[in-house]
Amino acid sequence: MNTKRVVCCGLVLTLGAVLAVVPAAAADKSDVVGRAAIWEKEYNAGNLAAVQALYAPDGCRMPPNQEVVHGRDAILANLKGGKDQGSAKVKIVVTSAESSGDLGYGTGTYEVMGADGSHLDHGKWMLVSKKLNGAWKTQCDIYNSDMPMPSSSMK
C-alpha cells in the first residue's frame with residue numbers, strides 16, 4: 001500500500017511541476033528560449049550574420065562599458081569585435097520570458113569562453129522583443145558582467 005502512495009504522490013508532484021511550467025511557456029509567444037538557442041548556436045559557429053538577423057533593423061545592443069550600438073550593421077560590427085577580442089563561445093540561459101501583444105521580454109544569464117574553453121566572463125542579460133511583419137525580433141538587449149572590473153580600468 002505504501003508503494004502505491006509513493007507512486008501516486010510522485011505522479012501528482014510531476015504533474016504539478018509540468019503544469020507550473022506550461023503557463024510560463026504559453027505566456028511567451030515571442031519564443032525567447034528558441035531565439036536564445038539560435039543566438040548561442042550561430043555565435044559559437046561563427047555565423048554572426050545569422051545572429052545579426054535576430055535583431056530588428058533599428059535594433060540596439062547595450063554592451064558594458066561601451067556606447068549603445070544602433071542598427072544591424074553596428075550590431076554585426078559589435079559581434080565581430082567580441083570575436084576578435086577572444087570571445088569564442090557563449091552559453092546563454094533564459095530565466096524568464098513573457099510577451100503581450102507584439103511586445104516581449106526575456107532575462108537570463110550568460111557565460112563567455114575563449115577558444116581554449118577558458119572562462120572569460122559571466123553575467124546577466126535582458127532583451128525587449130517586437131513582432132515585425134509576423135516575425136519576432138530583438139529590439140534591444142543589454143548585458144552586464146558579474147565579474148569585478150579589472151583594476152587597470154579603475155584609474
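Leaving aside its neighbours within four places in sequence, with which residues is D146 in contact? In this predicted model, the residues that D146 touches, once those close sequence neighbours are set aside, are H122, G123 and K124.

**The surroundings of D146**

D146 is placed in the segment that comes after β6, the strand covering residues 135–145. Is D146 buried, exposed or partly exposed? Its relative accessibility is 43%, and because partly exposed residues lie between the limits of 20% and 50%, D146 belongs to that class. One of the residues it touches, K124, also takes part in a polar contact, which joins the side chain of D146 to the side chain of K124 at 2.7 Å. A further relation concerns T109, which is 37 residues away from D146 in sequence, while the C-alpha atoms of the two residues are 9.7 Å apart in space.

| Pair | Kind of value | Distance |
|---|---|---|
| D146 and K124 | polar contact between side chains | 2.7 Å |
| D146 and T109 | C-alpha to C-alpha | 9.7 Å |

**The protein as a whole**

The secondary structure of the protein consists of 4 helices and 6 strands, and these elements, read along the sequence, follow the pattern α-α-α-β-β-α-β-β-β-β. The protein has 155 residues, of which 32% count as buried, and its accessible surface comes to about 9600 Å², with 62% of that surface belonging to carbon and sulfur atoms. Among the contacts with a separation of 6 or more, 50% are made by residues 24 or more positions apart.

**The nonpolar core**

In soluble globular proteins, nonpolar side chains tend to be buried together. Here the largest nonpolar core has 19 residues, and W39, Y43 and L79 are those with the most contacts inside it. Two or more residues of this core come from each of α2 (32–45), α3 (48–52), α4 (72–84), β3 (89–100), β4 (103–113) and β5 (119–132), and the element that gives the most is α2, with 4 residues. Beyond its neighbours within four places in sequence, W39 is in contact with V51, L54, Y55, R61, L79, V90 and I92; L79, listed among these contacts, is itself one of the core residues with the most contacts.

**Confidence in the model**

How far the predictor trusts its own model varies along the chain, as the following values show. The average pLDDT of the protein is 86, and 81% of the residues score at least 70. Over residues 5–25, however, pLDDT stays under 50, and for this stretch the model has 1 contact beyond four places in sequence.

Technical notes: Residues are numbered from 1 along each chain as its sequence is written. This is a predicted model: local features need pLDDT of at least 70, side-chain atom pairs count only at pLDDT 80 or more; totals for chains, interfaces and linings use all residues. Side-chain values use heavy atoms; hydrogens and water are left out. Buried means under 20% relative accessible area, exposed over 50%, partly exposed in between (1.4 Å probe, protein chains only). Contact means heavy atoms within 4.5 Å. A polar contact is a pair of N or O atoms within 3.5 Å; within protein, one must be able to donate a hydrogen and the other to accept it, and residues adjacent in sequence count only if both atoms are side-chain atoms. pLDDT is the predictor's confidence in each residue, from 0 to 100. Accessible areas come from the Shrake-Rupley method with a 1.4 Å probe; for residues, only the protein chains shown count as cover. A nonpolar core is a set of buried Ala, Val, Leu, Ile, Met, Phe, Trp, Tyr and Cys residues joined through side-chain atoms within 4.5 Å.
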